[in-house]
Amino acid sequence: MASPTDTRLRTQAEITARVKALESMLIEKGIMTTAAIDRLAEIYENEVGPQLGAQVVARAWTDPEFKERLLADASAACTEMGIGGLQGEEMVVVENTDTVHNAIVCTLCSCYPWPVLGLPPNWYKAPAYRARIVREPRKVLAEDFGFPVPDDVEVRIWDSSSELRYWVLPQRPAGTEDLGAFELAALVTRDSMIGVGPVRTP
Amino acid sequence: MNGVFDLGGTDGMGKVQTVENEPVFRAEWEKAAFAMFSNCFRAGFFGVDAFRHSIEKMDAAEYLLSNYYEHWVHVVEDRGAQKGVIDPAELEKRTQFFLENPDAPLPEREDPDLLAFVNAVVKSGAPANRPTDKVARFKVGDRVTILADSPHGHTRRARYIRGRTGEITAAHGGAIYPDSAGNDGPEAPEHLYTVRFTAEELWGPETAEPNNIVYFDVWEPYLTLAS
């Protein structure tokens, strides 16, 4: 059976051997350790991920003054909640409304707001999304993500070409007036903060 | 440089391949490749701009067909060889060894300072904004045209915005200039702006989808005031 990272060029076994060889040289040169690898993996597998962005969104939905600060300076507002760091030094939050839908991309590489969304999914870094979302966003959202945006809603694509890290504040779904921040955060999906999917409905 | 990595607006790339519940790392080697970025950054292999440019110089077909984190491995090999830290012949020899002995252990070494660095950098990041004494030549509301020429070396001036006209919607002050830092020059800060382009301006009125906008961040040397 094929392994998850087999490609048309190399098998996963070949890639694994090459990376291990490089790793062994970097360890011997005093540049890397297996403990540092394990720690970084642990951080982005278990500690830093879209659950953090979801907490920020839920707070913005329930605290209008916080929302104002978030839209004015996202990194400063996130710091209030202990959220921030690498690849989110200067974050910019863009707000969805009844008349505007936002989505993020990095057409040149793979820039993504790690402190609130974690590491990007592979489709975000692969050629198809990066090529097409700036040229035919409505088609990509409707056909590839099953998430059509009405023609009278303006689609705004944020191409992360500098070190600013954009992400999306989705709209609070109807029927959630009685929910608290904790329950609201559970409705916020990673894709809704990228701008390619809906929030959950309770 | 004009390369395949500059994907915005490229046709023929197929469908977006989403995967339900994809793990953060799909294989053990991806964890090691991911860690190489911060560990080798600390060792002085590259800044983020030079890191990107090393990826841009990959073989074009390989860039499109390889796993994402193989791009990162390429950078470590490329920059490591330039620094005289990674000997390509030794790397080939060891690769063959690990192919034949996949369970052979890695060398053991401890480095509490590296672990402390990892924990600190994830939390604090590495900001790219840089105060500058230069007076900003443009302001929010200005209509600007992106230089249309094709520079060699690293640039963030994507092809699909070159020669296009838009409106500045935000001015961010000074930031490291990738066209210098990415080509192993100094940080050379320049004013950074966000520019708003209509889809009609980017793709033409016949081709553009209705009611679409693209925002793109640009450094001052990319810009001229629109006539």
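**Two chains and a shared core**

In this predicted model, the contact between the two chains draws 83 residues from chain B and 78 residues from chain A. On the side of chain B that touches chain A, the elements that each supply at least two residues are the helices α1 (28–42), α3 (60–65), α4 (68–82), α5 (88–100) and α6 (112–124), together with the strands β2 (165–175) and β4 (212–219). Helix α1(B) gives the most to this side, namely eleven residues. By character, the residues on this side of chain B comprise 47 nonpolar, 17 polar and 19 charged.

Strands also take part in joining the chains. Strand β3 (residues 154–159) of chain A pairs with β4(B) in the parallel sense, over five bridges. Within this pairing, A:W158 stands opposite B:Y215.

The next topic is the interior. In soluble globular proteins, nonpolar side chains tend to be buried together. Here the largest nonpolar core holds 119 residues, and the members that touch the most others are A:V57, A:W167, B:A33, B:M36 and B:V214. Helix α1 (residues 12–28) of chain A provides the largest share of this core, eight residues. Because domain 1 (12–45) and domain 2 (49–194) of chain A both give residues to this core, it lies between them. The centres of these two domains, taken over C-alpha atoms, are separated by 31 Å.

One core residue may be followed further. Apart from its neighbours within four places in sequence, A:W167 is in contact with A:G53, A:M91, A:V93, A:I104, A:P113, A:V116, A:L117 and A:M193.

Terms used:
Residues numbered from 1 in each chain as written. Chains lettered and ligands numbered in written order. Predicted model: local features only at pLDDT ≥ 70, side-chain atom pairs only at ≥ 80, totals over all residues. Core = buried A, V, L, I, M, F, W, Y, C linked by C-beta atoms within 7 Å. Buried ≥ 20, exposed ≤ 12 C-beta atoms within 10 Å, placed from the backbone. Helix = DSSP H or I, 4+ residues; strand = E, 2+ residues; numbered from the N terminus. Domains from an automatic or database assignment. Contact = placed C-beta atoms within 7 Å. Nonpolar A, V, L, I, M, F, W, Y, C, P; charged D, E, K, R; others polar. Pairing = 2+ DSSP bridges.
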